[in-house]
Amino acid sequence: MSKYMQLFQGTSFSSKSPTEIQVLIDCLYCINADGMIERVVAPEDTEYQSLLDSYQGSDSFHRLEEGQYFLPGFVDLHVHAPQWAQSGTALDIPLYDWLNTYTFPLESKFSDLEFAQKVYEDLVSTLLANGTTTALYFATVHKEASLLLAEICAGKGQRGLVGKVVMDDPEQNPDYYRDADTSTALVDTEAFIIAVKELAKTTKQGVYPVVTPRFIPSCTDAGLKGLGELAAKYDTYVQSHCSESDWAHGHVKDRFQKNDAFALHDFGLLRDKSVMAHCNFLDDQDAELFADTGTAIAHCPISNAYFANSVIPVARFHAHNVEIGLGSDLSGGFSPSLFDNIRQAVMSSRMLEDGVNTSLPAAERGVPKSRITVHEAFYLATAGGGESLSLPIGRIQENYVWDVQVIDTRLPSAKLPIFDELEDVQDIFQKIMYLARPEHIREVWVQGEKVHSR
């Protein structure tokens, strides 16, 4: 009987640190029955050849072809699941108008479970095909449809963290799309948490309930307080939006005379399992509060270009030891691909550092020391996301789960520009980061199970 469930052979890229990539050339990855990487064996190790001899030719042995590489599966920390149905539309109007004219009418349709099933099945399949093995989802206010999303993640093998959205303030939300009242919102949230925890017992990769106040403007004080208590009672994840735009940031300051971060903290919503989306307007005290409470930031660079009125200072927040991962923010961000968000994260950081107003002298235009490298953006999409969720995901190393995407740089229809047989492997990594498309992702594995192949 073989000791390991599966053995994989090939070269992998993984983050050693936020700025440094670890390249494991032609290693063996020994995967146990739980889908964890039990050992990584390098070609110079003594057992390398004997392991190869005992597994080669069996169904449990998988060798990469020439020009193929393993990357960790991506961790998307911010997805509005229902908004997949409007991705790529209406991105040219202000946030407040966008929500009320397009988004809330669409989300209200998810009371229809048949419609919800159609959209959610397609979304989860699309994200897996884009290399996203773990996703943190906002669903809608509807308890049943939100549970359906968790069931679809479980069925398709994606690690899904799903939140039934709370919007309980009748003054701030449209009559056709909100919780009936605060007590209903809290009762539904608790029932949802219990149901997802039950569902999780049947999944290898895990699904998780998430306490989800949409953002402070949508919720009453009583609703926010009750959600903080539920998060503590069931030790759940928490997600919301925090200081995204001038409008949202200003609303909270007017209501509480403090920034979002401190208001959320007062309601018990900042904890080690909290992930707050956007956070562009955090000041240094807010960042320190995030670091102290273990709250992470979901950085959504494409969405921010449309709706945030700013560029998030990633480098400054990292200097405060705040955990940061990457989010697509479908559909405020049009792309389901974290590759696209990696690229935008780098570009936006360069624009923040260099500035864009050419009527100012170059030295005064930007914010010094703001740029991040493609290595850092990759870290956000993988290891940073894993750390943000406090799960052993996002790295290819021992005692992490086997969540990987297989990238083929020699795909005949879309070959990457690698012409030198001895091309530096770090250069190959950068070409993958900047040029890979979904068709280059040949296989996706979650927790040791193949969930997508092309």
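This is a short tour of a predicted model, with three stops to select in your viewer.

**Stop one: the largest pocket**

Start by selecting Glu 66, Gly 67, Gln 68, Tyr 69 and Arg 410. The largest pocket has a volume of about 520 Å³, and of the 24 residues lining it, these five are the closest to its centre. Next, colour β1 (6-17), β2 (20-31), β5 (68-72) and α16 (425-435): each of these elements supplies at least two residues of the lining. β1 gives the most, with three residues. If you colour the lining by residue class, you should find nine nonpolar, six polar and nine charged residues.

**Stop two: a hairpin**

Now move along the chain and select residues 441-446, which form strand β16, together with residues 449-453, which form strand β17. The two strands run antiparallel and are joined by four bridges. To see one pairing, pick Val 444, whose bridge partner in β17 is His 452. Then look at the turn: two residues lie between the strands of this hairpin, and Gln 447 takes a positive phi near 55 degrees.

**Stop three: a helix pair**

Finally, select helix α4 (residues 143-156) and helix α5 (residues 182-200). How do their axes cross? They come within 10 Å of each other and cross at roughly 15 degrees. That angle is under the 35 degrees cut-off, so α4 and α5 count as roughly parallel to each other. Turn the view until one helix lies in front of the other, and check the handedness: the crossing of α4 and α5 is right-handed.

Technical notes: Residues are numbered from 1 along each chain as its sequence is written. This is a predicted model: local features need pLDDT of at least 70, side-chain atom pairs count only at pLDDT 80 or more; totals for chains, interfaces and linings use all residues. Side-chain values use heavy atoms; hydrogens and water are left out. On a 1 Å grid over the protein atoms alone, a cavity is a set of points where a 1.4 Å probe fits but cannot get out, and a pocket is an open set with protein on both sides within 12 Å along at least five of seven lines; lining residues have an atom within 4 Å of a point. Grid points are joined across faces, edges and corners, and a volume is the space filled by probe spheres set on the points. Ala, Val, Leu, Ile, Met, Phe, Trp, Tyr, Cys and Pro count as nonpolar, Asp, Glu, Lys and Arg as charged, and the others, Gly among them, as polar. Two strands pair if DSSP finds at least two bridges between them. Axes are lines fitted to C-alpha atoms, for helices over the stretch in contact, and angles run from 0 to 180 degrees between N-to-C directions. Angles under 35 degrees count as roughly parallel, over 145 as roughly antiparallel, 65 to 115 as roughly perpendicular and the rest as oblique. A crossing is left-handed if the near helix is turned anticlockwise from the far one by less than a right angle, and right-handed if clockwise.
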